[in-house]
Amino acid sequence: ILLLTISPNKTANWMEHKCQEKNVCFQRYQTLEFVNKKKRRFFPDQPSLSRYLKRLDDSGYMEDFWNLVLLAHVLYLKGINMLGKNIKLIADYTEEPCKKDKNDPYCFGKKNGKTKYKTLTFSMISGDLHQVIANFKIKKKQDKLPLFEKIIKTLCDNKFNLVYILIDRGYYRKGLLSFIKKQGIT
């Protein structure tokens with residue numbers, strides 16, 4: 001919506017039309033037209049979407065779902081030539097406050113008011129465009145190398161050429177730096 005500078009209403013109507021054209025519905029149904037003459041929506045309305053997202057969250061697939069949405073957006077941008085082949089990858093943490101809980105594997109810190117959740121955010125720069133690629137909620141003592149491997153493989157599999165990776169000193173680990181060097185990335 002932001003990229004194409006069109007209204008959410010217009011976007012939702014466009015998505016509804018495209019879903020109808022492809023006969024793709026986001027829910028099971030038995031009737032296309034209700035007693036009150038309203039027709040079933042193929043693209044979910046807000047309450048339906050909220051219920052769907054809650055089920056995703058309850059099942060533990062929310063992170064995977066949104067990372068696929070982000071990847072789809074990146075591939076769409078590439079498809080309409082807004083992203084070039086050569087990209088710069090950025091990895092950084094975003095932090096949100098959390099209540100001190102020593103049993104919470106995601107809550108970092110020891111003092112009340114100083115504890116935080118950490119999310120590893122991967123983004124890319126291509127020309128003037130800065131685009132988020134994926135977000136991963138980080139556990140205490142979690143190895144970040146598999147996340148870097150996954151993102152780099154995904155980008156390479158989709159024909160992107162990583163010319164540069166920007167990481168701060170918090171990522172300086174021998175295994176990670178060796179992996180980046182082996183990939184031929186600055």
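1. Let me start at the surface of this predicted model, with lysine 153. Its relative accessibility is 51%, and since the cut-off for exposed is over 50%, lysine 153 counts as exposed. This lysine forms a salt bridge with aspartate 157, and the closest N and O atoms are 2.6 Å apart. Aspartate 157 has 46% relative accessibility, so it counts as partly exposed. The two residues lie 4 apart in helix α4, which means that about one helical turn separates them.

2. A search of the whole structure turns up 2 salt bridges, so here is the other pair for you to look at. Glutamate 21 forms a salt bridge with lysine 18, with 3.6 Å between the closest N and O atoms. Both residues sit in helix α1 (residues 8–22); they are 3 residues apart, and therefore separated by about one helical turn. Glutamate 21 is partly exposed at a relative accessible area of 47%, and lysine 18 is partly exposed too, at 32%. As general background, side chains of opposite charge can pair when their charged atoms come close.

3. Now for the overall layout. The protein chain holds 5 helices and 5 strands. Read from the N terminus, the order of elements is α-α-α-β-β-β-β-α-β-α. Of the 186 residues in the protein chain, 28% count as buried. The protein chain exposes about 13,400 Å², with 55% of that area supplied by carbon and sulfur atoms. If you take the contacts between residues at least 6 apart in sequence, 53% of them join residues at least 24 apart.

4. Strand β3 (residues 116–126) is a good place to begin with the strand pairing. Strand β1 (residues 86–97) runs antiparallel to β3, and 10 bridges join the two. One of the bridged pairs here is proline 97 with lysine 116 of β3. The short entry is strand β2 (residues 107–108), which pairs with β3 in the antiparallel sense over 2 bridges. Within that pairing, cysteine 107 has tyrosine 117 of β3 as its bridge partner.

5. β3 also pairs with strand β4 (residues 129–137), again in the antiparallel sense, over 8 bridges. Which residue of β4 is the bridge partner of serine 126? That partner is leucine 129. β3 and β4 form a hairpin with 2 residues between them, and glycine 127 in the turn has a positive phi of about 65°. While you have the strands on screen, a general reminder: in a regular strand the side chains alternate between the two faces of the sheet.

6. Next, the interior. The largest nonpolar core has 29 residues, and Leu89, Phe122, Ile133 and Leu155 have the most contacts inside it. At least two residues of this core come from each of α3 (62–79), β1, β3, β4, α4 (145–157), β5 (161–166) and α5 (174–182). Helix α4 gives the most, with 6 residues.

7. Leucine 155 deserves a look of its own. What is leucine 155 in contact with, leaving aside its neighbours within four places in sequence? The list is Ile87, Leu89, Met124, Ile133, Phe160 and Leu162. Two of these names, Leu89 and Ile133, also appear with Leu155 among the core residues with the most contacts.

8. Helix α3 offers two residues to set side by side. Asparagine 67 is found in this helix, and its relative accessibility is 12%, so it counts as buried. Not counting residues up to four places away in sequence, asparagine 67 touches Ile133, Ala134, Asn135 and Phe136. Tyrosine 76 is also placed in helix α3, but at 40% relative accessibility it counts as partly exposed. Together with Ile80 and Met82, Tyr76 makes a nonpolar surface patch of about 260 Å².

9. Last, a pair that links two parts of the sequence. Where is proline 146 placed? Proline 146 is in helix α4. Its relative accessibility is 42%, and it therefore counts as partly exposed. Proline 146 and leucine 176 are 30 residues apart in sequence, while their C-alpha atoms are 9.1 Å apart in space.

Technical notes: Residues are numbered from 1 along each chain as its sequence is written. This is a predicted model: local features need pLDDT of at least 70, side-chain atom pairs count only at pLDDT 80 or more; totals for chains, interfaces and linings use all residues. Side-chain values use heavy atoms; hydrogens and water are left out. Two strands pair if DSSP finds at least two bridges between them. A nonpolar core is a set of buried Ala, Val, Leu, Ile, Met, Phe, Trp, Tyr and Cys residues joined through side-chain atoms within 4.5 Å. Buried means under 20% relative accessible area, exposed over 50%, partly exposed in between (1.4 Å probe, protein chains only). Contact means heavy atoms within 4.5 Å. Patches are made of residues with over 30% relative accessible area and no salt bridge: like charges are joined within 9 Å, nonpolar side chains (Val, Leu, Ile, Met, Phe, Trp, Tyr) within 5 Å. Accessible areas come from the Shrake-Rupley method with a 1.4 Å probe; for residues, only the protein chains shown count as cover. A salt bridge is a side-chain nitrogen of Lys or Arg within 4 Å of a carboxyl oxygen of Asp or Glu.
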